[in-house]
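User: Could you take me through one part of this structure in detail? I would like to look closely at the largest nonpolar core and at the sheets around that part of the chain.

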Amino acid sequence: MIRRIMRLLSQKRKRQEEAGCPSMTQRSSLSLWSPLPQGPPAPCTRYRHACSSHKGDVYLLGGRERMVLRDFWKYSVVRNDWTKLDCSSEWAPEELEGHTMVSHQGILYVFGGLIDSAYTDWKMPLWLFDIEKEEWRYSEGQIQPSQPAPVNRKGHSAVVFGSAMYIYGGYIDIRGPSQEFWKYEFDTGVWSLLSGVQAEQGPGPRHGHRGGGSSAQHVPVRGPEWPPRAEGPVEVVPDQPHLELHQNTFRTL
């Protein structure tokens, strides 16, 4: 397993050198971590939260400390300060963990992360936050009874490409890790299951992974796979499947 990973890393470095990408030493001289002193008010330490950016602000929602949280924060990159936003309205989400949040044209789209319970009031785990008005909106009014839609899940990935949000995988209560791949059209509020890129074509069931989009019409999906391909930590997954959006197919790099 270790030899395979080292071989894959060597091949990756070779491809980067051929493409003229900067070396690790060059990148480290350009990109360095630096601590940002934080004063109150500021969010507490947490994990399994969701973040998204819009213009000069970063938005943080929920997650878990000792228990699941229901707080909503905005961080100003220019001023280096936090502002706590309202998350107690009728249309705001409940406590969430393992959810996703993406930004599109001034709206934050939050999906999944509900605590699986028979007492929850939400039928569709999708919430919209209007950044300019600073108010929550619930999306259920856009969902038709006959329209397919994804159920609640945690640890999935969500990326924006064009006028749509793409969601892959996640952990679904009772069913376990999923390989479902969904598309949500922002303009119409319509969900569609991309059945053409399921099963053997896709990365397989996984949760706790990450996805990313680019202008090159592909979406990389990286992270824990289930079941793991070999013994050892689940976090070590050397595959890097990409979705080619223009061909609607997955391929492994």
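Analyst: Happy to; here is a walk through the core, then the two sheets, and then a few single residues. Please keep in mind that this is a predicted model.

A little context helps to begin with. The protein has two helices and 18 strands, and 41% of its 253 residues count as buried. Among contacts between residues at least 6 apart in sequence, 48% join residues that are at least 24 apart.

Now to the core itself. In soluble globular proteins, nonpolar side chains tend to be buried together. Here the largest nonpolar core has 31 residues, and those touching the most other members are Phe 72, Trp 136, Met 165 and Trp 191. Seven elements each supply at least two residues of this core: strand 2 (57–61), strand 5 (100–104), strand 6 (107–111), strand 7 (126–130), strand 8 (135–138), strand 10 (164–168) and strand 13 (181–185). Strand 6 gives the most, with five residues. Apart from this core lies another one, of six residues, which includes Val 159, Ala 164, Tyr 166 and Phe 181.

Phe 72 is a good place to zoom in. Leaving aside its neighbours within four places in sequence, Phe 72 is in contact with Tyr 59, Leu 60 and Leu 61, with the run Thr 83, Lys 84, Leu 85, Asp 86 and Cys 87, and also with Met 101, Leu 108, Phe 129 and Trp 136. One of these partners, Cys 87, counts as buried because its relative accessibility is 7%, under the 20% limit. Cys 44, by comparison, has 32% relative accessibility and so counts as partly exposed. If you were wondering about cysteine pairs, a search of the whole structure finds zero disulfides.

Phe 72 also sits in strand 3, which covers residues 72–76, and that brings us to the sheets. Strand 3 belongs to an open sheet of four strands in the order 1-2-3-4, with antiparallel pairing. At the edges stand strand 1 (50–54) and strand 4 (81–85), each with a single partner strand, so one side of each has no neighbour in the sheet. From one strand to the next, the twist averages 25 degrees. Strand 1 and strand 2 run antiparallel and are joined by five bridges; among the paired residues, His 54 has Asp 57 of strand 2 as its bridge partner.

At the other end of strand 3 is Ser 76. Ser 76 has 4% relative accessibility and therefore counts as buried. A polar atom of the Ser 76 side chain lies 3.2 Å from the backbone nitrogen of Arg 79. Beyond its neighbours within four places in sequence, Ser 76 is in contact with Gly 56, Asp 57 and Asp 81. Asp 57 thus turns up twice here, as a contact of Ser 76 and as the bridge partner of His 54.

The other sheet is built from strands that the core has already introduced. Four strands form an open sheet in the order 5-6-7-8, and the pairing is antiparallel. Strand 5 and strand 8 stand at its edges with a single partner strand each, so one side of each is left without a neighbour in the sheet. The twist in this sheet averages 25 degrees from one strand to the next. Strand 5 is joined to strand 6 by five bridges, and the two run antiparallel. In that pairing, Ile 107 of strand 6 is the bridge partner of His 104.

Key: Residues are numbered from 1 along each chain as its sequence is written. This is a predicted model: local features need pLDDT of at least 70, side-chain atom pairs count only at pLDDT 80 or more; totals for chains, interfaces and linings use all residues. Side-chain values use heavy atoms; hydrogens and water are left out. A disulfide is a pair of cysteine sulfur atoms within 2.5 Å. Buried means under 20% relative accessible area, exposed over 50%, partly exposed in between (1.4 Å probe, protein chains only). A nonpolar core is a set of buried Ala, Val, Leu, Ile, Met, Phe, Trp, Tyr and Cys residues joined through side-chain atoms within 4.5 Å. Contact means heavy atoms within 4.5 Å. Two strands pair if DSSP finds at least two bridges between them. Axes are lines fitted to C-alpha atoms, for helices over the stretch in contact, and angles run from 0 to 180 degrees between N-to-C directions. A polar contact is a pair of N or O atoms within 3.5 Å; within protein, one must be able to donate a hydrogen and the other to accept it, and residues adjacent in sequence count only if both atoms are side-chain atoms.
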